[in-house]
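Q: I'd like to learn how to read contacts between aromatic rings in a structure. Could you walk me through an example?

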Amino acid sequence: MTPGRVRLAIGVALVLLLEALCRLGAIDRFSMIPPSEIAWHLARILGSAQMWPAILKTLSNVALACAAAIVAGVALGSLIHRWRPLRETLDPLFAAYYAVPVYAFYPLFIVIFGLGDVPQILIGFMLALVAVVVNTLNGLDRVPRVLLKTARIHRLGPVATARKVALPYAAPYIFTGIKLAVAYSFIGVIGAELIMSRTGLGYEIGYAYNNFGIVEIVVGIAGLGYEIGYAYNNFDNAVMYPLIVLVLAIAASVNTLFFLWEKKLLARRRR
């Protein structure tokens, strides 16, 4: 049995177990609704035009944060790798970087850039950047010296050597950084939306977290639902969990595409 089928079987078993626990009352509906209902409500949300602007806004900000982190991270990693004193100075800072509460900078970014999308993109960028830099450095450390000597023999400059020799060899490690950057960008942007934004998936999840009722309340479809005043400060699981599943599905799909691309490149290298 292949590892992929094992993972799929485990995932299906966990979902079925969760479904059974919810249906039998071991997990009450106030805490969580069954996975089958989550899937049904997710289909309802995606079928509503009202939620799509928030989804597209969040995905656009995540894409911008991730793309900027990848470009800047690979460039910075290449520069830092060539300057040994700077590398030795920054290595301890990279190791401790994720202990820094990045969201503490959010109010400062709002003061500088206003309440638009820029502060959210910057938070996602800051979280994703170092993952790309560190993995780029790890990859460049493993480039065989014989390849670098060959580049010098062919009189390749630093930029040409990095572009044609070092970075292609370090590609598997860079792909690891890219996959982490995707996850960190989602965390940064959606977390920032949860804090203060009035739009986006993070805001919708936060809104759902603070309002309990039927999905129609949020997406604007005619139907039953609790009054907003009564529902305040209660969970709207019919919106919160489907949106969380949507975010997980999108992030997993993007990372799967990068994994398949990486696998294809490695297979080509072995030939």
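**Reading aromatic pairs**

A: Happily! Let's begin with one ring: Tyr-184 is partly exposed, at 25% relative accessible area, in what is a predicted model.

Q: How many aromatic pairs does a search of the whole structure find?

A: The search finds 7. One of them joins Tyr-98 and Tyr-184, whose ring centres are 4.9 Å apart with the planes at 15°, so this pair is stacked. The call rests on the angle, because planes under 30 degrees apart count as stacked.

Q: Which parts does the pair of Tyr-98 and Tyr-184 tie together?

A: Tyr-98 sits in the loop between helix 4 (84–96) and helix 5 (106–113), while Tyr-184 belongs to helix 9 (residues 171–195), so the pair links parts 86 residues apart in sequence. Tyr-98 is partly exposed, with a relative accessible area of 35%. Tyr-97 joins in too: Tyr-97, Tyr-98 and Tyr-184 make up one aromatic cluster.

Q: What should I look at when I describe a pair of aromatic rings?

A: Two things: the distance of the centres and the angle of the planes. Try them on Phe-258 and Trp-261, a stacked pair with 6.4 Å from centre to centre and 20° between the planes.

Q: How many residues apart are Phe-258 and Trp-261 in helix 13?

A: They are 3 residues apart in helix 13 (residues 237–270), so about one helical turn separates them.

Q: Is Phe-258 buried or exposed?

A: Phe-258 counts as buried, with 18% relative accessibility, because the cut-off for buried is under 20%. Its partner Trp-261 is partly exposed, at 48% relative accessible area.

Technical notes
Residues numbered from 1 in each chain as written. Predicted model: local features only at pLDDT ≥ 70, side-chain atom pairs only at ≥ 80, totals over all residues. Heavy atoms only, no water. Phe/Tyr/Trp six-rings, centres within 6.5 Å; stacked < 30°, edge-to-face > 60°. Helix = DSSP H or I, 4+ residues; strand = E, 2+ residues; numbered from the N terminus. Buried < 20%, exposed > 50% of the residue type's maximum accessible area, 1.4 Å probe, protein only.
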